[in-house]
Every structure is written in structure tokens, then in C-alpha cells.
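Please look through the structure below before reading my comments. The points are short and can be checked one at a time.

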Amino acid sequence: MLFRSVADEVPQPSADVLRAFFERYKDDLPEARSEDPGFREPHRVKYQYLVAARDGFLDKAKKEITDEAIGEFYEKNKETLYRSRTPKPDEKKEENKEEDKKEDETKPDETKGEKDEGSKDEASEKKDAEEPAFEPLEKVKDQIRDRLAAEQADRMIDQIFSAVAADLTGYAEDFALWQARQEKGDAPRPPDIDVIAKTQGLEAGTSDLVTADQAVASGGIGRSFEFIADPGSRFGFRQRNWLEQVYGPGTPSLRPITSRDAAGNRYISWKVEDQPEFTPSFEAARPVVEQAWKIVEGRDIARRKAEAIVAEAAGKPSLAEALAGREGVEVASVGPFSWLSQGTVPQGTPPVLSDPDGFVMAGEDLMRAVFALEPGQTVVAFNEPKTICYAIRMRSLEPPLADLEAKFLADKGDQRRIGMVAQREFSEIGRAHV
């Protein structure tokens, strides 16, 4: 259950009150999960990029791979890539015996068994050693085509990206020279990414001024990376995130950056504007300050409304029935969900706080309140940034509490489980006292 905005019920503050509120938080950066506001503007970047979609270039490359090229690759690499599994000596002897048996059965009785078994086995093994078996070309043909197409696609993309990088570098040099000379007239024109994209079969994009978190949330290029040489690492290379090259300290504008995503799509991008973090004036920030003020001051109003709903719903089968037709609220079912979840993190690492669909940034306090309930009970709780007040009724708990207690007692000797939860608790305490 969540309330719609109660901002309109918050009295309008005076300019002096708003200014004092601004002064208190003006040097704090905003944090999505913090209950306190922040009015300092974070570092933002504007960038342009071109995307070479993997599937499109693969399909194009496959059409250029000939049967002749596949055959040449097979002959050149069959010794190292396409050997058949060689049977063990004992397996080979059994195969030879079966062949001899079949051969003897087709001959007259007086000739059966006259062969020297040892000599035949030795001859067969010698022949196998001299003539290694290979996977037939027809069996691996599609595999080779895919491999050659992937290499060809990369070469095609490399060629396009190299040309784009050269154009961009030339433009950056011309633009820097134009600025240094303070010449009058029009500035040099940057590469037209829309024309390039249309000509080369790419996709083009230009961002707004966005924070690093916003770039990541947009997906695609924001989560891309590249592998770079690193002699000090275990494998001689490491993964460098695109964010490092765009949002890192001192990273230049108009420098071509190549990267790729987990799906194999490749990017070339460059920063066109960099806005460092700064503290705005009160006048410039006033709309944001006023909105934050209403969120903070509206918390008591939201809690009182939620508590009134809890009282009204007492004895009713469900919140939905108790609030049927009521305006200003939404009733939704959430779950099932657990307090903590392992998710996709590696085994042996501490569990993380669940983030169930239906709640917005639920947070530790909300989870604690929910899991203190028994089925049929109701509680009022805020989400982590205290922007939404929920009235929550537990419908069911699975497995039942008695089963959970029994499992806890059975597993209490497993120090690894206790240690993972304790590690998480210690981390939370440590962060709270920093």
C-alpha cells in the first residue's frame, strides 16, 4: 500500500526558511537512498557514440565467407583443432577383436582364427599412429564459418572505427588550434555521426549532460568495457570500464574511446562536454530545494495517514477491501520475497538486502518491520530514502515461523552461515559510524 503525493498539503515555507534549508545541505551530493537531501550538483558529462551491432556485422560477414576459405582454414588447422578423439589402446584392441570376429564369421570354418591376433593389433595401432583421424569437414563447416565471420566482422569494425578516430582526432586538433588563435568566424565542424552511421551501418547517439549513475542506468555503452594490457595482472590484461575513461579525473574531451558490451556490440565514443561538480546558487537551486523541503516536511503527514488506514482496516479481511473506492491510495500485492537474498553473487559471499518488485528502495528498516509481523498483522513503514510511506499487511509467511525456528536450530552449528550474516551486520555498523 502506498500513498500518492502529500506535497500539496505541506505549507509553503518562507524564503528565509528555504534558504536556511539550502545552506544546511548545499555542499552535499544527492544520494538516491539517503533520507537527507543534497544540493551540490554532481559531475556530469555529455558524450557521443557510434554502435556496431554484433549480429548485423556477423550476418554481413557470413555472406562473404566462401566454401574455399572454409576448406583452406580446415586444412591449415585440422592438426590442432579438429583431431578426433583417439581411442585408448585397450579400447582399440577390443574394436579390432570385434572386427576380426565379424570377418571370421564370413569365411569358411577352416580359415577362422588363423590370424595372428598380436600381429594384427600391432599393425592396426601402427596404422592409427601414422594416420590420425580428423573430424570431417562437413561436421565442422558451420563452426568454421562462424569463426571466420567473427574475425571478418571485427576487421570490418576496426577499419570503420579507425577512420572515425582519425577524423575525430583531426577535428580535435583543428578545434584546439582555432581556440588558441581566437579566430573569428565559424568553428571547425565536428564529424557528422548521423551521416557516418547511415553510411557504415552503425547506430548513433548523443547523451544529455548525465551523471555516471545515469549513464550506467541507460545500459548499452554505460556498461561497456575494454580489455587492456596489464603486465602486473595474473593473465597479463585487465578489464577497464568505459566509465573510467569518460568520468575519470583528468580524462580529456574529443578523445576516441573504443569499448564493447557483454552481448558483443562494439562502441566508439568521445566526450563532448564535461561539467565538474559544483554548488549552485540558492536562486538557481530553489525549485529543487522547495521540492526536497516538501518531501521532508511531508513525512509526518504521510505517516499519520498511513496509521489512520491501519486503524480503519482493523478487522477487515484485506487492505483492498477496507480501502475500496478510496482516492489517493494504491493497493498492490507484493511478493513472495525474502529479507536477504544471495542473488547472482559468488557462493560464499554475504547475502544482500532484497529489493522486491512493488517496493521502491525498500531498505533495512522496512524489511525489519515487515518480518516482525505475523500473518494478518499490519504495520506502517517508510522506504529507505523516506520518500514513500507504506501501510503493509502480511498475507502469509512461508515457511511457517515454527519451521524457520527449527531450521535455525538445526543449522546453528554452521559457522559459515552465521559468519556471512555477521559480516554483513558488521559492515552496516561500520558504515553507520564513518
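The numbered points below cover strands, a surface patch and salt bridges.

1. Please keep in mind that this is a predicted model.

2. Start with strand β6, residues 257-260, where the side chains alternate. Ile257 and Ser259 point to one face and are buried. Thr258 and Arg260 point to the other face and are not buried.

3. Strand β6 pairs with strand β7 (residues 266-275) in the antiparallel sense, over four bridges. Ile257, one of the buried residues of β6, has Ser269 in β7 as its bridge partner. Five residues lie between the two strands of this hairpin. Gly264 takes a positive phi there, near 95°.

4. Phe227, Phe235 and Phe237 make a nonpolar surface patch of about 360 Å². Phe237 belongs to strand β5, residues 237-241. Its relative accessible area is 42%, so Phe237 is partly exposed.

5. Side chains of opposite charge can pair when their charged atoms come close. The structure holds 24 salt bridges, and the next points take up some of them.

6. Glu23 and Lys26 form a salt bridge, with 2.9 Å between the closest N and O atoms. Glu23 is partly exposed because its relative accessibility is 40%. Lys26 also counts as partly exposed, at 24%.

7. Which parts of the chain does the salt bridge between Lys141 and Asp67 link? The side chains meet at 3.4 Å, N to O. Lys141 is in helix α6 (residues 137-181) and Asp67 in helix α3 (residues 67-81), so described as distant parts of the chain, 74 residues apart. Lys141 has a relative accessible area of 19% and is therefore buried, the cut-off being under 20%. Asp67, at 48% relative accessibility, counts as partly exposed.

8. Helix α6 also holds a salt bridge between two of its own residues, Glu151 and Arg147. The closest N and O atoms of this pair are 3.8 Å apart. Glu151 and Arg147 are four residues apart, about one turn of the helix. Glu151 is partly exposed, with a relative accessible area of 33%. Arg147 counts as partly exposed too, at 39% relative accessibility.

9. Which residues are linked with Arg33 in a network of salt bridges? They are Asp355 and Glu384.

Conventions. Residues are numbered from 1 along each chain as its sequence is written. This is a predicted model: local features need pLDDT of at least 70, side-chain atom pairs count only at pLDDT 80 or more; totals for chains, interfaces and linings use all residues. Side-chain values use heavy atoms; hydrogens and water are left out. Buried means under 20% relative accessible area, exposed over 50%, partly exposed in between (1.4 Å probe, protein chains only). Two strands pair if DSSP finds at least two bridges between them. Patches are made of residues with over 30% relative accessible area and no salt bridge: like charges are joined within 9 Å, nonpolar side chains (Val, Leu, Ile, Met, Phe, Trp, Tyr) within 5 Å. Accessible areas come from the Shrake-Rupley method with a 1.4 Å probe; for residues, only the protein chains shown count as cover. A salt bridge is a side-chain nitrogen of Lys or Arg within 4 Å of a carboxyl oxygen of Asp or Glu.
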